[in-house]
Amino acid sequence: MISFTDSLKELTDLLLTSMPIPPPFLTVGIVDVQMGPGVQWIAPCNLYGCSIGEDCFIGPFVEIQRGAVIGKRCRIQSHSFICEKVTILDDCFIGHGVMFTNDLFQAGGPSGNPANWKPTLVGNRVSIGSNSTLLPVTIADGTVIGAGSVVTKDITEPGFYAGNPARKLRSLG
Ligand SMILES: CC(C)(COP(=O)(O)OP(=O)(O)OC[C@H]1O[C@@H](n2cnc3c(N)ncnc32)[C@H](O)[C@@H]1OP(=O)(O)O)[C@@H](O)C(=O)NCCC(=O)NCCS
């Protein structure tokens with residue numbers, strides 16, 4: 001009698017031989033990262049060509065792209081995406097699932113030309129709530145951004161901001 005395991009193997013073999021050869025793929029990893037001492041990260045995360053300052057924490061499923069710069073003692077929580085042209089200064093908290101952007105689709109869709117991408121600068125001691133999205137902006141030191149916000153404009157005055165588009169709720173202190 002054929003066992004369940006044998007049938008499963010037969011089926012898997014059949015599927016594998018009848019499937020087209022998959023395209024080349026890359027795996028997640030830590031490649032060409034300039035890392036300060038004391039950095040901790042939880043695998044899997046995809047960090048390449050970026051710079052991460054001392055004593056940062058990088059949670060799982062984070063991607064940090066080429067050229068992005070993270071300052072010292074920052075905490076980047078799981079599932080966040082930090083793209084090219086983003087700079088985050090020291091002592092920042094980037095919540096879970098925070099998405100940065102650099103391409104505004106100004107010509108009607110994604111631009112393959114990095115010269116068209118715009119930078120983001122996050123100041124020192126900035127906290128960004130979970131699931132927020134940032135268009136390319138500058139954010140003042142000490143700013144707090146509420147969960148689920150969409151930041152569409154520069155924040156020049158520190159304070160509490162939230163919503164889509166993010167608006168000031170109140171000043172700090
Ligand atoms: C933005 C935040 C800091 C504001 O806290 P707060 O100053 O105590 O604000 P309040 O709870 O008193 O709310 C003030 C007003 O802002 C609104 N508000 C608060 N947070 C909001 C948010 N994230 N998005 C939209 N509106 C928000 C409230 O509904 C309230 O509106 P109302 O005056 O019309 O009732 C907080 O709500 C927040 O989002 N923190 C981030 C949490 C997070 O992501 N943590 C990550 C680690 S777990």
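The exercises below, each with a worked solution, concern a predicted model of a protein chain with a ligand.

**Exercise 1. Overall make-up**

Task: state how many helices and strands the protein chain has, and what share of its residues counts as buried.

Solution. Step 1: the chain contains one helix and 21 strands. Step 2: the chain has 173 residues, and 25% of them count as buried. Step 3: for contacts in the chain between residues at least 6 apart in sequence, 16% join residues at least 24 apart.

**Exercise 2. The six-strand sheet**

Task: give the order of the strands in the open sheet of six, and name its edge strands.

Solution. Step 1: the order is β2-β5-β8-β11-β14-β17, and the pairing is parallel. Step 2: the edges are β2 (34–35) and β17 (138–139), each of which pairs on one side only. Step 3: inside this order, take β5 (residues 51–52) and β8 (residues 69–70); these strands run parallel and are joined by two bridges. Step 4: Ile52 has Ile70 in β8 as its bridge partner.

**Exercise 3. The eight-strand sheet**

Task: find the order of the open sheet of eight strands, and explain why one side of β3 and one side of β21 have no neighbour in the sheet.

Solution. Step 1: the order reads β3-β6-β9-β12-β15-β18-β20-β21, with mixed pairing. Step 2: β3 (40–41) and β21 (167–170) are at the edges and have a single partner strand each, so one side of each is left without a neighbour in the sheet. Step 3: within the order, β15 (residues 127–128) and β18 (residues 144–145) run parallel and are joined by two bridges. Step 4: the bridge partner of Ser127 in β18 is Val144.

**Exercise 4. Around the ligand**

Task: describe the residues around the ligand, then follow one of them, Gly146, through the chain.

Solution. Step 1: the residues around the ligand include Gly129, Val144, Gly146, Phe160 and Ala162. Step 2: sorted by type, the shell has five nonpolar residues, seven polar residues and no charged ones. Step 3: Gly146 is located in the loop between β18 and β19 (150–151). Step 4: Gly146 has 19 other C-beta atoms within 10 Å; a buried residue needs 20 or more and an exposed one has 12 or fewer, so Gly146 is partly exposed. Step 5: beyond its neighbours within four places in sequence, Gly146 is in contact with Gly129, Phe160, Tyr161 and Ala162. Step 6: one of these, Ala162, is 16 residues from Gly146 in sequence, and the C-alpha to C-alpha distance between the two is 4.6 Å.

**Exercise 5. Cis peptide bonds**

Task: locate the cis peptide bond between Ala43 and Pro44, and the one between Asn164 and Pro165.

Solution. Step 1: the bond joining Ala43 and Pro44 is cis, with omega about 0°. Step 2: Pro44 sits in the loop between β3 and β4 (46–48). Step 3: the bond joining Asn164 and Pro165 is also cis, and its omega is about -5°. Step 4: Pro165 belongs to the loop between β20 (160–162) and β21.

**Exercise 6. Positive phi angles**

Task: for Phe61 and Arg125, decide whether each counts as buried, partly exposed or exposed.

Solution. Step 1: Phe61 is not a glycine, yet its phi is positive, about 65°. Step 2: Phe61 is in the loop between β6 (57–58) and β7 (63–64). Step 3: Phe61 counts as partly exposed because it has 17 C-beta neighbours inside 10 Å. Step 4: Arg125, also a residue other than glycine, has a positive phi near 60°. Step 5: Arg125 is in the loop between β14 (120–122) and β15. Step 6: Arg125 has 18 C-beta neighbours inside 10 Å and therefore counts as partly exposed.

Conventions: Residues are numbered from 1 along each chain as its sequence is written. This is a predicted model: local features need pLDDT of at least 70, side-chain atom pairs count only at pLDDT 80 or more; totals for chains, interfaces and linings use all residues. A residue is near a molecule or strand if its C-beta atom, placed from the backbone, lies within 6 Å of it. Ala, Val, Leu, Ile, Met, Phe, Trp, Tyr, Cys and Pro count as nonpolar, Asp, Glu, Lys and Arg as charged, and the others, Gly among them, as polar. Helices (H or I, at least four residues) and strands (E, at least two) are DSSP runs, numbered from the N terminus. Two residues are in contact if their C-beta atoms, placed from the backbone, lie within 7 Å. Two strands pair if DSSP finds at least two bridges between them.
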